[in-house]
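Thanks for coming. I have one structure to go through today, and I will keep to the strands, the charged pairs and one helix packing.

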Amino acid sequence: MLPRMHAPPSARRRSARPHLRNLPFARNRSLAALAAVLAVAACAVAVQTAGARAPQKSGAARAVGRLRALEPQVLLAINEFRRAHGLPALRLSRPLTVAAAEHSLSMAEHGYFEHTSLDGSPFWKRVAAFYPRGHGRWSVGENLVWASPGLSARRALAIWLGSPPHRETLMSPLWREVGLGAVRAFAGGVYRERLVTILTADFGVRR
């Protein structure tokens, strides 16, 4: 549990299914759904829908920085969970890590928590800019989580596992790679000027 002074425990979740590409011009969009957990935290996964709303810009964040030490801990936690369920471990992907880190930084700097990018484009387009498609199968998925003030790898995994769509993403046998981007900042917008930790996990496979 992630305690926070002067506020009741609360959380947000968003869920998203993977974007699959077997044919040219496949499209997926993202959608958000809310649920409560016993922590000041939030999480999200990408899902198919139409007409996703673009995030609204907010005031500038302060003291924004990468939490690089958290990222390998999350990778370890994800792979331990997958191995325990007979699933292949995921390789750390530099392109997916850059995509994930850029999105976490953008959410911190502009005070939003969405799969949709700041410019209104769907999550898979953002990821594809760093993780290009090949001539074969291409698929990406995304989990998000934030907490105030801090977040451990075990807590992030527990929050995701408490939501069926997030758990489904973590347990997909499709994935071969993952990228992780964690940041900490005093952020406005949906974060309400709190010190927050924001984590993006981008999953992928390409052949």
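Before the pairing, one term: two strands are said to pair if DSSP finds at least two bridges between them. Please also keep in mind that this is a predicted model.

First, the overall layout. The protein chain has 5 helices and 8 strands. Read from the N terminus, the order of elements is β-β-β-β-α-β-α-α-β-α-α-β-β. The chain has 207 residues, and 52% of them count as buried. Taking contacts with a separation of 6 or more, 77% are between residues 24 or more positions apart.

Now to strand β7, which covers residues 177-187. How many of its residues are buried? The count is 9 of 11, so to speak of β7 as mostly covered is fair, with buried meaning under 20% relative accessible area.

Which strands does β7 pair with? Take β4, residues 62-66, to begin with: β4 and β7 are antiparallel, with 3 bridges. In that pairing, Arg-62 sits opposite Phe-186 of β7. Strand β5, residues 91-92, runs parallel to β7 and is joined to it by 2 bridges. There, Leu-92 has Val-178 of β7 as its bridge partner. Then comes β8, residues 194-206, which pairs with β7 in the antiparallel sense over 11 bridges. Glu-177 has Gly-204 in β8 as its bridge partner. Strands β7 and β8 form a hairpin with 6 residues between the strands, and in this hairpin Gly-189 takes a positive phi near 60°.

On to the charged pairs. As a general point, side chains of opposite charge can pair when their charged atoms come close. How many salt bridges does a search of the whole structure find? It finds 4, and I will go through some of them.

Glu-177, which we just met in β7, forms a salt bridge with Arg-91, where the closest N and O atoms are 3.9 Å apart. Arg-91 lies in strand β5 and Glu-177 in strand β7, so this pair ties together parts that are 86 residues apart in sequence. Is Glu-177 buried or exposed? Glu-177 is buried, because its relative accessible area is 14% and the cut-off is under 20%.

Next is Arg-66 with Glu-71, a salt bridge whose closest N and O atoms are 2.9 Å apart. The two partners differ in cover: Arg-66 has 26% relative accessibility and counts as partly exposed, while Glu-71 has 9% and counts as buried.

Another salt bridge joins Arg-154 to Glu-80, with the closest N and O atoms 2.5 Å apart. Arg-154 belongs to helix α4, residues 153-161, and Glu-80 to helix α1, residues 70-84, so the pair ties together parts 74 residues apart in sequence. Glu-80 is partly exposed, at a relative accessible area of 34%.

That brings us to how these helices pack. The axes of α1 and α4 are 8 Å apart, and the angle is about 50°. This makes α1 oblique to α4. The crossing of α1 and α4 is right-handed. Which residues make the contact? From α1 there are Leu-70, Gln-73, Val-74, Ala-77, Ile-78, Glu-80 and Phe-81. From α4 there are Ala-153, Arg-154, Leu-157, Trp-160 and Leu-161. Both partners of the salt bridge between Arg-154 and Glu-80 are therefore among the residues of this helix contact.

That is what I have for today.

Note on methods: Residues numbered from 1 in each chain as written. Predicted model: local features only at pLDDT ≥ 70, side-chain atom pairs only at ≥ 80, totals over all residues. Heavy atoms only, no water. Buried < 20%, exposed > 50% of the residue type's maximum accessible area, 1.4 Å probe, protein only. Helix = DSSP H or I, 4+ residues; strand = E, 2+ residues; numbered from the N terminus. Salt bridge = Lys/Arg side-chain N within 4 Å of Asp/Glu carboxyl O. Axes fitted to C-alpha atoms, helices over the stretch in contact; angles between N-to-C directions. Parallel < 35°, antiparallel > 145°, perpendicular 65-115°, else oblique. Left-handed = near helix turned anticlockwise from the far one by under 90°. Contact = heavy atoms within 4.5 Å.
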